[in-house]
Amino acid sequence: MTKKEAVKAAERAAKKTKTVYIGPTITGVAARNTVYDDLPEELNKVVKALPYMAGLCIPFSGLGKAMTQIQQQAGHSYTLFCKAQEDSAKIQEIVQKEVI
């Protein structure tokens, strides 16, 4: 395999990286620990409105570390998880505004 072919193969693999939503389940948006090839439209809308939510959409390879933080109630992932729980009503409003 040439260097150019290797680069193209790596780019294809990167595009196929699975993303896991590790935030709390938010009805109509995303369920906790759901694996996505592409984020659903509702979750993308929420991420655009509340950029911190992108921190709850992690590569599959980071799932172990993030779950440990949430279980131990410490760390960046846990902080974002709690923020999303606090903002769940606001998140629902964002999704409903887009539907109307």
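**Close-up views of a predicted model**

**D37 in the loop between β2 and α2.** D37 is found in the loop that runs from β2 (34-36) to α2. The model shown here and in the views below is predicted. With a relative accessible area of 49%, D37 is partly exposed, since the class of exposed residues begins over 50%. When neighbours within four places in sequence are left aside, D37 is in contact with T17 and K18. The side chains of D37 and K18 are joined by a polar contact of 2.5 Å. V20 lies 17 residues from D37 along the chain, and the C-alpha atoms of the two residues are separated by 8.9 Å.

**G62 in the loop between β3 and α3.** G62 is found in the loop that links β3 to α3. Its relative accessibility is 26%, so G62 counts as partly exposed. V20 appears in this view as well: although G62 and V20 are 42 residues apart along the chain, their C-alpha atoms are separated by 8.9 Å.

**The buried and exposed sides of helix α3.** Helix α3 comprises residues 63-72, and its buried residues are A66, M67, Q69 and I70. Seen down the axis of α3, these buried residues fall within an arc of 160°, and they therefore line one face of the helix. K65, Q71 and Q72, on the other side of α3, are exposed. The buried residues of α3 pack against two elements, β3 (57-59) and α4 (76-86). After α3 comes Q73, which has a positive phi, near 55°.

**The buried side of helix α2.** L43, V46 and V47 are the residues shown as buried in α2. Around the axis they cover an arc of only 100°, which puts them on the same side of α2. An α-helix has 3.6 residues a turn, so residues three or four places apart point the same way. E41 and K48 are exposed and lie on the other side of α2.

**S77 in helix α4.** S77 lies in helix α4. S77 counts as buried because its relative accessibility is 8%, and the limit for buried residues is under 20%. Not counting residues up to four places away in sequence, S77 touches I22, L56, A66, Q69 and I70. A66, Q69 and I70 are among the buried residues of α3, and the buried residues of that helix pack against α4.

**F81 in helix α4.** F81 is likewise found in helix α4. At 9% relative accessibility, F81 counts as buried. Leaving aside its neighbours within four places in sequence, F81 is in contact with I22, G23, P24, R32, L56 and I70. I22, L56 and I70 are also touched by S77. F81 and M53 are 28 residues apart in sequence, and their C-alpha atoms are 8.7 Å apart in space.

**The largest nonpolar core and I91.** The largest nonpolar core has 24 residues, of which Y21, V29, L43, V46, M53 and I91 touch the most other members. Two or more residues of this core come from each of the elements β1 (19-21), α2 (41-49), β3, α3, α4 and α5 (88-99). Residues up to four places away in sequence are not counted in the contacts of I91, which touches I26, V29, V46, L50, Y52, M53 and A84. One of these residues, V46, is buried in α2.

**The protein chain as a whole, for orientation.** The protein chain has 5 helices and 3 strands, and from the N terminus on its elements follow the order α-β-β-α-β-α-α-α. Of the 100 residues in the chain, 32% are buried. The chain exposes about 6600 Å², and 54% of this area is supplied by carbon and sulfur atoms. Among contacts between residues at least 6 apart in sequence, 54% join residues at least 24 apart. The mean pLDDT of the chain is 86, with 81% of the residues reaching 70 or more. Among the elements, helix α1 (residues 3-15) has the lowest mean pLDDT, 58, whereas α4 has the highest, 95. S77 and F81, each shown in a view above, both belong to α4.

Terms used: Residues are numbered from 1 along each chain as its sequence is written. This is a predicted model: local features need pLDDT of at least 70, side-chain atom pairs count only at pLDDT 80 or more; totals for chains, interfaces and linings use all residues. Side-chain values use heavy atoms; hydrogens and water are left out. Buried means under 20% relative accessible area, exposed over 50%, partly exposed in between (1.4 Å probe, protein chains only). Helices (H or I, at least four residues) and strands (E, at least two) are DSSP runs, numbered from the N terminus. The arc is that of the directions from the helix axis to the C-beta atoms. Contact means heavy atoms within 4.5 Å. pLDDT is the predictor's confidence in each residue, from 0 to 100. Accessible areas come from the Shrake-Rupley method with a 1.4 Å probe; for residues, only the protein chains shown count as cover. A nonpolar core is a set of buried Ala, Val, Leu, Ile, Met, Phe, Trp, Tyr and Cys residues joined through side-chain atoms within 4.5 Å. A polar contact is a pair of N or O atoms within 3.5 Å; within protein, one must be able to donate a hydrogen and the other to accept it, and residues adjacent in sequence count only if both atoms are side-chain atoms.
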